[in-house]
Amino acid sequence: MVRLTCCGKAMCKSCSAEFTNRGAELLERQLCALCRRPLPHSASEEVAYIKEHAEAGRAWAQDAMAGAYVQGDGVERCNRTAVFWYKQAAEQGFAQAQHQLSGFLADGKGVQQDQAQAVDLCRRAAAQGFPASSQRLGRWYDHGMCGLEASGALAVQHYTTAAQHGLTHAQGWLGESYLRGYGGTTSLARAVYWYSRHCGGEISADLCFSTGSYLHHRAVPRQVGRAMFFLGLAADLGHAAASSDLGTLNIRQYLGEHEPEMKGGDPDTRQQAVDLWRQARERGNYDAGSALELHEQEIAVEQQQQQQQQQQQQ
């Protein structure tokens, strides 16, 4: 959507391009193709046009005036004046202004802090389908912020709304919620789906590494088998730290330090650990190089002990 600040008319981008082509002669004369008023040549001239519409009670212009004062675009920055204009637009039900004003009220920026009103405005904007407000409510419920009691279920509900509208932060937070079962539902498939959406639709090495690391270090209870699966994917995609960590988990499995169902003592598991450490070392991972060096020393000690036992038996 393109807004012509001279006359206040709005049109889609394709229509704007068509009018631009039709009004080429007028544009050469620096006149609007719709209202024939002079086009603004600076931010201050544009703000002057916007102010006319704002004072006439047009919500989009009031919101734009507030944004100009927040950014210092054509006017001197002033949060108090920004709040004044956001209030004018919010009172008319303009969702974007309600969202922005809720943030100012929550932080007490340019206005006395009022968390209850901040939540109310944010809910109103979200109810109108403004996804950034859904994302903000999700965050507040997730962490018990802005006077709200923490609620995983409500956080997931709002994250989902925002994530479905393509907000990447919400997609990442929603993936994390499903991974830790914060909303009452643990779903590895949903976690991976939303994490991948957060990463642009690709199953990236960083995504797999982060998922594997979470399952191993932070999940309650720890899920070593699943952690090894995701670290393996990351290692296959060239993630050096994933190769190093997976090598360490393989050694622990070989030593029988994992769950009872993950049987230890398999020499192939030990060799896989060595191969993974070497792979990670070749990719520049210092920890893998140290682990491999220590492991090789342990192997040398074991071989020496075996030789001594054989000599004693002879």
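These are my notebook entries on ring and charge contacts in a predicted model.

**Aromatic pairs.** I looked up the ring contacts and found 5 aromatic pairs in the structure. One of them joins tyrosine 86 and phenylalanine 104, a tilted pair with 5.7 Å centre to centre and 55° between the planes. The pair links distant parts of the chain, since tyrosine 86 belongs to helix 5 (residues 79-90) and phenylalanine 104 to helix 6 (residues 95-107), 18 residues apart. I noted both tyrosine 86 and phenylalanine 104 as buried. I then turned to tyrosine 193 and tryptophan 194, whose ring centres are 4.9 Å apart with the planes at 75°, so I entered this pair as edge-to-face. Tyrosine 193 is partly exposed at a relative accessible area of 41%, whereas tryptophan 194 is buried at 9%.

**Charges over rings.** Phenylalanine 104 came up again here, with the charged end of lysine 109 over its ring, 4.7 Å from the centre. I also recorded arginine 139 over the face of tryptophan 173, at 3.9 Å from the ring centre.

**Salt bridges.** My count came to 3 salt bridges. Arginine 139 takes part in one of them, meeting aspartate 142 at 3.9 Å, N to O, and these two residues are 3 apart in helix 8 (residues 131-143), about one helical turn. Arginine 139 is partly exposed at 25% relative accessibility, while aspartate 142 is buried at 7%. In helix 7 (residues 115-127), aspartate 120 and arginine 124 are 4 residues apart, and their closest N and O atoms are 3.0 Å apart. Arginine 270 and glutamate 302 meet at 3.1 Å, N to O, and this pair links distant parts of the chain, helix 15 (residues 267-282) and helix 16 (residues 286-313).

How values were computed:
Residues are numbered from 1 along each chain as its sequence is written. This is a predicted model: local features need pLDDT of at least 70, side-chain atom pairs count only at pLDDT 80 or more; totals for chains, interfaces and linings use all residues. Side-chain values use heavy atoms; hydrogens and water are left out. Rings of Phe, Tyr and Trp (its six-membered ring) pair if their centres lie within 6.5 Å; planes under 30 degrees apart count as stacked, over 60 as edge-to-face and the rest as tilted. Buried means under 20% relative accessible area, exposed over 50%, partly exposed in between (1.4 Å probe, protein chains only). A charge sits over a ring if NZ of Lys or CZ of Arg is within 6 Å of the ring centre and within 35 degrees of the ring normal. A salt bridge is a side-chain nitrogen of Lys or Arg within 4 Å of a carboxyl oxygen of Asp or Glu.
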